[in-house]
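Colleague: I would love a close look at the cysteines in this one, taken slowly. Once you have gone through them, please place them in the wider setting of the chain.

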Amino acid sequence: MFCRKAKEDIELLDRDSPSQRAPFLPVLAPQKSYDYVLVAHKDEEAEGGLETQRTLKQKAFIEMLRKKNIKVVKIAHDDKLFYGLRAPSEVFEDYKYLLKVSDACNWIEEPNAVVPQSTRIRIVQHILHHTYLDNGEDLHELLKKHVFETFFCLHEKRTQKELRTNWARWTNLFIRQPFSEVKAYFGEKVALYYLWLDWYTKLLVPAAVLGLLVFLYGLAFFNSNPLIKEVCESDIIMCPRCDKRCPVWNLSDTCAYAKVSHLFDNEATVAFAMSMAIWATLFLELWKRQRAKHVSKWKVYDWCEEEEELILDIVNDPDCKPKHFRHSYLRSMLVLILVTLMLVVIIGIAHAIVVFRVVAAPLLSEGSWEFIRDHANTVAVLLGAVLHYLTIQIMTRVNRWVALKLCELEKTRSSTATERSFTVKMFTFQFFTLFSSLFYVAFFMGRINGYPGSYVRVAGRWRLEECHPSGCLTDLFIQMAVVMVLKQTLNNVFEFIVPWCKKFFLRRKAKRMERKCGHCYRKTCRDENGCVEPCDVCKLRNWLLNYHLADTNAFSLFNEFLEMVVQFSFTTIFVAAFPLAPLLALLNNIFEIRLDAIKMISLERRLVPKKTNDIGIWTNVLEAIGVLAVIANGLVIGISSDFIPRLLYRYYYGPCAVSGVYTNNLRRPRQPPQSGDPSCMQGYIRNTLSTANLNETLVRKDFITTQLMTDGLSVTQCSYRDYRHHEDYTLTSQFWLILAVRFAFIILFEHVLVVCKFIAAWFVPNNPLLVKNQRLEDKQKRLKEELRQRRSRTTEV
């Protein structure tokens, strides 16, 4: 196979003009000749001809590979040793035969097809990881003991150049991705990632448009909304936000805050949240159809992971024994306890961020900058969001380490099982790290802080935060916007800049190696079979170009999936508080696709091609997020938003209900009020506020005299956001009615959406009819071919 391909490449190069020829070896022949490269440090510690333990282990491992008929070429360069590995053709013939006779994998390869380089790399990688020294050490342990530095598979320069031209460049932002070519080069696993990301990005377009319309709806009534006017023109004196340092303040001072609140907390938010919950279901169901169409085209629809693993084990060692499934209740219980403890730690960190905000607000209110003093609470929210982002970056590394240790404790059966277990644990840790603080802001902030005379305090000193009279949704929006924008922007910058800088500074070492021989294109480099074997200088130059690229590992693709699934969580779970989240996600993903492609093609070592027919456990994670999105958005609208109190005020407590639109005795409408009538919402803000008498002893103990001065006058009353009686500060009947309607709305909202999700899932089948018919025809064709061959053999006998 290699000889034939090499001849074709040389003929193509011979037809080029001398000016078009590369100044070094024809790149395809050496790249396709070697499946893997092992790198080790030279033994600088050897003295007097004696070899160290590290060198002995290197030689022992290389000898074990040679016993498996793997050709090994050793080339020394500076302080490193490079071992080029080439597997014999018999290995791949055995692999093809076992595919043919397997139960589930016999449809994935054509019997007479040439084994592609991606399959060669996958088989050799399995052999490398299942080659053991006499003492039982494998390659992973040898890498940990620095016997070998690293190992990697080689890029194919011709295919790499084609993919770079047609796919991995910024000018191809809006050009369709070549999924089949990506599959042939990187394997089905990487191709399915880009297929999923492409489908997710396309489905974000209607969600982004709808979210933008919701934002524009709030913007359209920016100046005419009666609630904003009531805040901006109010003469209400509000109680101090903190102890000792914060004075009483005018509600009209927060006019800008009220305007921002209305942009994200209006009547259109409910419809948008319901639409996004159904959108998440339709996205998953349509994705299953898209996946089925491509995996059927790639002939891996019936592919079975267990049988693929058994085939690779037998190819590596015909006398191997199967790894049995095992389960330990003791280990499972221990892992569950440790996971719970880790989640407690993560939630504790979220509480620490809350304490930081509680302490920062009063400290900022006495600062020297007037702007910060006037907007101390908002600045504290922003600082808390930035601190939350920094915490995410630190805890991501901690979460990874803990998840890996827990997987080691589980002793999973295979690398795929380990990856599934790691994915569940890592995503769970990341989810709590990202959303614990958001859940506090959404459902607890401003609801457990108490009231004048009975404030809830941290360590008996600092009062908990309060919500603005316009609602708490703006605080949630600020928290989400800062974390989402920072996370996406900075992550993308570092993902691209770090490998680019490494390539820029290190690849110059490979460029210094000029070609020292003049016959690499000529017939003198061909053996008796016509195969081209490049000289050591040309081999080394190619290996160094790959060696100096950014390293990749089993979790390289996992990191990309995790980043996108976390973004999907932000886009769906709290979308009621941040309607622009789908738009930000869409803009990010347009660049993310090409950024990841450029990294994989030009800046990173080649990923080991993996065969699969699905995105694996990520499908279950996405389904869980879809269910959680229904629950969270129902809670956000029912609890965090002012949608329910506004609705009740309009039809039950407001001026329309009192002035004759509703009768006072039966509460029945004489004529339906106009839903857009702004007069029905007059006085809403004042209705949501309670009044504290500052002359009472219990109330007066929470404030000092200087806090109660405004414009040189001392106030005797101040307002705070709550539904309480002025006399004894007990909760009013309006509070209990609103609470009851909130819970009723949440139950109704979630049940309606769950039914809609089930209907959508039922209405959209997982497999298109075209795929079913194509698979049926292909199976019939294969069975007919088997019958024809059997009859032919019988006739010959």
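**Cysteines and their surroundings**

Modeller: Happy to. The link of Cys232 and Cys255 is right-handed, with 75° about the S-S bond. It connects distant parts of the chain, since the two residues are 23 apart, with Cys232 in helix α10 (residues 226-232) and Cys255 in helix α11 (residues 255-264). Please keep in mind that this is a predicted model. The S to S distance for Cys232 and Cys255 is 1.8 Å.

The two ends of that link fall on either side of the cut-off for burial, which is 20% relative accessible area. Cys232 has 24% and is therefore partly exposed, whereas Cys255, at 17%, counts as buried.

The structure holds two disulfides, and the other pairs Cys239 with Cys718, with the sulfur atoms 1.9 Å apart. The torsion about its S-S bond is about 85°, so the link of Cys239 and Cys718 is right-handed. Here too, distant parts of the chain are joined: Cys239 sits in the loop between β5 (237-238) and β6 (249-250), Cys718 belongs to strand β14 (residues 717-721), and 479 residues separate them. Cys239 and Cys718 are both buried.

Two further cysteines deserve a word. Cys153 is buried, with a relative accessible area of just 2%, while Cys320 is partly exposed at 29%.

Now for the wider setting. The chain has 797 residues, of which 52% count as buried, and its secondary structure comes to 28 helices and 14 strands. Among contacts between residues at least 6 apart in sequence, 80% join residues at least 24 apart. The accessible surface comes to about 38,700 Å², and carbon and sulfur atoms account for 60% of that.

Charged side chains also bridge distant parts of the chain. Side chains of opposite charge can pair when their charged atoms come close. A search of the whole structure finds 23 salt bridges, and one of them brings together the side chains of Glu308 and Arg122, at 3.4 Å from N to O. Glu308 is in helix α13 (residues 305-316) and Arg122 in helix α5 (residues 117-129), 186 residues apart. Both partners, Glu308 and Arg122, are buried.

Another salt bridge joins Asp614 to Arg291, with 4.0 Å between the closest N and O atoms. This pair spans 323 residues, from Arg291 in helix α12 (residues 268-297) to Asp614 in the loop between α21 (581-603) and α22 (617-640). Arg291 is buried at 14% relative accessible area, while Asp614 is partly exposed at 25%.

Lys425 and Glu410 form a salt bridge as well, and their closest N and O atoms are 3.1 Å apart. Lys425 lies in helix α17 (residues 415-443) and Glu410 in helix α16 (residues 376-410), with the two positions 15 residues apart. Lys425 is buried at 9%, and Glu410 is partly exposed at 26%. Elsewhere, Lys57, Glu137 and Lys145 are joined into one network by salt bridges that share partners.

Turning to the strands, five of the six residues of β1 (residues 36-41) are buried, so this strand is largely enclosed by the rest of the structure. β1 pairs in the antiparallel sense with β3 (residues 80-86) over six bridges, where Leu38 has Tyr83 as its bridge partner. β1 also pairs in the antiparallel sense with β4 (residues 150-152), over three bridges, and there Val39 is partnered by Thr150.

Two loops leading into these partner strands hold residues with unusual-looking backbone angles for you to inspect. Asp78, in the loop between β2 (71-77) and β3, has a positive phi of about 55° although it is not a glycine. His146, in the loop between α6 (139-144) and β4, has a positive phi near 60° and is likewise not a glycine. Asp78 counts as exposed at 60% relative accessibility, and so does His146 at 55%.

One last stop is on the surface. Val205, Val209, Leu210, Leu212, Leu213, Leu216 and Leu219 form a nonpolar patch there, with about 540 Å² of accessible area together. Val209 belongs to helix α9 (residues 188-220) and is partly exposed, at 46% relative accessible area.

Methods:
Residues numbered from 1 in each chain as written. Predicted model: local features only at pLDDT ≥ 70, side-chain atom pairs only at ≥ 80, totals over all residues. Heavy atoms only, no water. Buried < 20%, exposed > 50% of the residue type's maximum accessible area, 1.4 Å probe, protein only. Helix = DSSP H or I, 4+ residues; strand = E, 2+ residues; numbered from the N terminus. Pairing = 2+ DSSP bridges. Patch = residues over 30% accessible without salt bridge, like charges linked within 9 Å, V, L, I, M, F, W, Y side chains within 5 Å. Areas by Shrake-Rupley, 256 points an atom, 1.4 Å probe, with all protein chains shown as cover. Disulfide = S-S within 2.5 Å. Contact = heavy atoms within 4.5 Å.
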